[in-house]
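Work through the exercises below with the sequence and the model at hand. Each task is followed by a solution in steps.

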Amino acid sequence: GGRCGFGGAAGADGAGGGEGRGGRQFADDQSQSWLPLCLPHFNERGFLHAHVSTVGQHLRLVLLSPDRDAFAPLAAHRDAFAASLAALAPPAASALAAALAAPSPPLEAAGVPELLHYAYTATSLGQSTSPLLPAGSPYAEPAALERLLRRYQRAQARTHAKGRDGPAHEYFAASDSELVVAWRGAGFELYVALWPLIQLPAAAAACSQLLRWLRREEKALFLTYTKY
């Protein structure tokens, strides 16, 4: 085969389940897509294949395989997952539906004036969040947000480095556009964009304030209900 390239991904946006109790909120609408994904820096002649489907009104499920002929078995796994959701007890189904339907909090809810953007992962829960951006955000355009996310990727690589110096649990990188801070601690990873001219002590204080708010809001931001 030839070299792989970047391709578009068409998501499945069918209308999902209706009203009801329990797992009926996740009625199956059978919307499914099969997409090749290229990872050129890993193997420019290989692909991952993604089975992308919709379950209910808000849930998108992505299953990955290196096998180009894996659509049928992944579809079977997807159907089993959809069936397990449909069988959920009402309290668990309601908690999951509410978590999926809830919008991300607005950026200003954190109460940190210097804050431009953040991406937070509660590693103990395996869940992540980022804010709704206000009108006039410097990352309103997709290209600007992609540039920031690439800076986050570089920061993440540094905080997960396995070389002689090991990972950096705190990382700062300044540019003309923003100061990017990465902070990796017990149970969390935090990537933050702040005003470009902010001083490091003020940046550290802003990140600490943001982290306190995120920790305080974890039950509202993430699905933590597991009693089913």
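**Exercise 1. Describe the two sides of helix 4 and what its buried side packs against**.

Solution. Start with the exposed side: Pro201, Arg212 and Arg216 are exposed there, where exposed means over 50% relative accessible area, buried under 20%, and partly exposed in between (1.4 Å probe, protein chains only). The model is predicted, so local features need pLDDT of at least 70 and side-chain atom pairs count only at pLDDT 80 or more, while totals for chains, interfaces and linings use all residues. Residues are numbered from 1 along each chain as its sequence is written, and side-chain values use heavy atoms, with hydrogens and water left out.

Next, list the buried residues of helix 4: Ala203, Ala206, Cys207, Leu210, Leu211, Trp213 and Leu214. Seen down the helix axis, these buried residues fall within an arc of 160°, so they line one face of helix 4; the arc is that of the directions from the helix axis to the C-beta atoms. An α-helix has 3.6 residues a turn, so residues three or four places apart point the same way.

Then find the partners. The buried residues of helix 4 pack against strand 4 (115-122), strand 5 (127-129), strand 6 (170-174), strand 7 (179-185), strand 8 (188-194) and helix 5 (218-221). Contact here means heavy atoms within 4.5 Å. Helices (H or I, at least four residues) and strands (E, at least two) are DSSP runs, numbered from the N terminus.

Last, check the length. Helix 4 (residues 200-216) has 17 residues and spans 24 Å from its first C-alpha to its last, close to the 24 Å expected at 1.5 Å a residue. The expected span is 1.5 Å times one less than the number of residues.

**Exercise 2. Locate the salt bridges that involve Arg150, Arg151 and Glu189**.

Solution. Apply the criterion: a side-chain nitrogen of Lys or Arg within 4 Å of a carboxyl oxygen of Asp or Glu. The whole structure holds 6 salt bridges.

Take Arg150 first. Its partner is Glu146, with the closest N and O atoms 3.1 Å apart. Both residues lie in helix 3 (residues 142-159), 4 residues apart, about one turn of the helix. Arg150 is partly exposed at 45% relative accessible area, and Glu146 is partly exposed at 42%.

Turn to Arg151, which meets Glu178 at 2.8 Å, N to O. Arg151 lies in helix 3 and Glu178 in the loop between strand 6 and strand 7, so the pair ties together parts that are 27 residues apart in sequence. Arg151 and Glu178 are both buried.

Finish with Glu189, whose side chain meets that of Arg184 at 4.0 Å, N to O. Glu189 is buried at 9% relative accessibility, whereas Arg184 is partly exposed at 28%. Elsewhere, salt bridges that share partners join Arg147, Arg151 and Glu178 into one network.

**Exercise 3. Summarise the chain as a whole**.

Solution. Count the elements: 5 helices and 8 strands. Read from the N terminus, their order is β-β-β-α-α-β-β-α-β-β-β-α-α.

Then take burial and surface. Of the 228 residues, 35% are buried. The accessible surface comes to about 13400 Å², and 56% of this belongs to carbon and sulfur atoms; areas come from the Shrake-Rupley method with a 1.4 Å probe, and for residues only the protein chains shown count as cover.

Close with the contacts: among those with a separation of 6 or more, 55% join residues 24 or more positions apart.
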